[in-house]
Amino acid sequence: MKREDIDRIASFLGDLKCKTQKEVEEARVRLLGKKGEITALFDEFRNVDRAQKAEFGKALNELKQKAMAKIEELKGTVADSGASDGPKADLSMPGDPFELGSRHPVSIVRQEIVDIFRKFGYDVAEGPEIEDDYHVFEALNFPANHPARDMQDTFFVSAGHPNPLLLRTHTSSVQVRTMEKMDVPIRVICPGRVFRNEAISARAHCIFHQVEGLYIDEGVTFADLKQAILLFAREMFGPDTQIRMRPSYFPFTEPSAEVDVSCNICHGKGCNICKGTGWLEILGCGMVDPNVLEASGIDSKRYSGFAFGMGLERIAMLKWRVNDLRHYFENDMRFLHEFATAPEV
Ligand code: PHE
């Protein structure tokens, strides 16, 4: 064994550069493998003179340490280059948790309602959120300056125009667009976001969601409306559900009614959710006013129809008893995660 052998390997190490992990591995085998050059020097070390053992031993150990450090350093800095390098990652490690999102409670309720009406043969129609006055009011029998417009505080986008743009206050505008486009018979539901200029509180919000429905054919009567609402209420709230109708007013329906369902929490005994009445208000409805049919070119002598509309946040409140509307809009993850496995009521 000669001093030069050690120096030669040390200078090789100093200059060693690798481009791939494969080259690093080759260098490791060449120096430190079973038949490697440094391994061979350790074998020869047995034959070194006693007098030189201390000096050579120290140099040889230093060389081995340096070689090991250099190989480790190269392993860490050289880029991966294909499968032949072997896996760098420990594939037996548990994977990173994959966080699943959950559907928003309003989306859950909307889907449920859409599914129910699809079973009854209704199509789904959508329309623009920024609408014109004609489709939100005029065609629905709200003449200009009619006090009924105050029922729905409106956000105007462009005022001072004979047919100003505004944020729709109900999805009845989509029903108008459907009547304009489609031939009778019409059976359609219109889910969507609506806007009203209300101060935000636990019980009111300036944005909410509706599903409205429209059915027009020959000979449609109030009895058909009542039956459709009863079937819907039983699908939505359970087979024992009862409904009651109270007279109401909407410019686009005549007669009009407000519908309550029997409280599915106390079953009519009276509780704090139904405020002791045993009934919960869920929607507005009525027979489509002949003026509305005529405005969209439908012969009101031949055809009649009914319409209804409900607020999705209100149904979600009844379903999950989250009685502060603001929760539905704040997107607090703690609230949204509650619905990952939403309990059925
Ligand atoms: N458009 C009404 C509202 O938003 C609801 C409704 C629809 C009432 C259809 C009767 C018939 O308040």
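Let me start with the ligand. Fourteen residues surround it, and those that come nearest are H170, S172, R196, Q210 and E212. Keep in mind that this is a predicted model.

Three of these residues have polar side-chain atoms I want to go through. For H170, an N or O atom of the side chain is 3.0 Å from a nitrogen atom of the ligand. For Q210, a polar side-chain atom lies 2.8 Å from a ligand oxygen atom. For E212, the distance from a polar side-chain atom to a nitrogen atom of the ligand is 2.7 Å. As for cover, the ligand taken alone exposes 330 Å², and the protein buries 92% of that. The site itself is the largest pocket, and the ligand sits in it.

Now, what is the make-up of the shell around the ligand by class? Seven of its residues are polar, five are nonpolar and two are charged. Which strands each supply at least two of the shell residues? They are β5, residues 207-218, β8, residues 279-288, and β9, residues 303-311. The largest share, three residues, comes from β9.

That brings me to the sheet. These three strands belong to an open sheet of seven strands with mixed pairing, and the order is β1-β4-β5-β9-β8-β7-β6. At the edges are β1, residues 123-124, and β6, residues 243-250, and each of them pairs on one side only. In general, the strands of a sheet pair through backbone hydrogen bonds, either parallel or antiparallel. For β1 and β4, the latter being residues 186-195, the sense is parallel, over two bridges. To place one of the residues involved, V124 has I189 in β4 as its bridge partner.

Last, some backbone geometry. As background, most peptide bonds are trans, and most residues other than glycine have a negative phi. Here are the exceptions I would like you to look at.

The peptide bond joining V184 and P185 is cis, with omega about 5°. Where is P185? It is found in the loop between α7, residues 172-181, and β4.

A cis bond also runs from E254 to P255, with omega near -5°. P255 lies in a strand, β7, which covers residues 253-262.

Then there is K275, which is not a glycine but has a positive phi of about 55°. K275 is in the loop between β7 and β8.

To go back to where I began: the ligand sits in the largest pocket, with β9 giving the largest share of its shell. That is what I have on this one.

Conventions. Residues are numbered from 1 along each chain as its sequence is written. This is a predicted model: local features need pLDDT of at least 70, side-chain atom pairs count only at pLDDT 80 or more; totals for chains, interfaces and linings use all residues. Side-chain values use heavy atoms; hydrogens and water are left out. A residue is near a molecule or strand if one of its heavy atoms lies within 4 Å of it. A polar contact is a pair of N or O atoms within 3.5 Å; within protein, one must be able to donate a hydrogen and the other to accept it, and residues adjacent in sequence count only if both atoms are side-chain atoms. Accessible areas come from the Shrake-Rupley method with a 1.4 Å probe; for residues, only the protein chains shown count as cover. On a 1 Å grid over the protein atoms alone, a cavity is a set of points where a 1.4 Å probe fits but cannot get out, and a pocket is an open set with protein on both sides within 12 Å along at least five of seven lines; lining residues have an atom within 4 Å of a point. A molecule sits in a cavity or pocket if more than half of its atoms lie within 2 Å of its grid points. Helices (H or I, at least four residues) and strands (E, at least two) are DSSP runs, numbered from the N terminus. Ala, Val, Leu, Ile, Met, Phe, Trp, Tyr, Cys and Pro count as nonpolar, Asp, Glu, Lys and Arg as charged, and the others, Gly among them, as polar. Two strands pair if DSSP finds at least two bridges between them.
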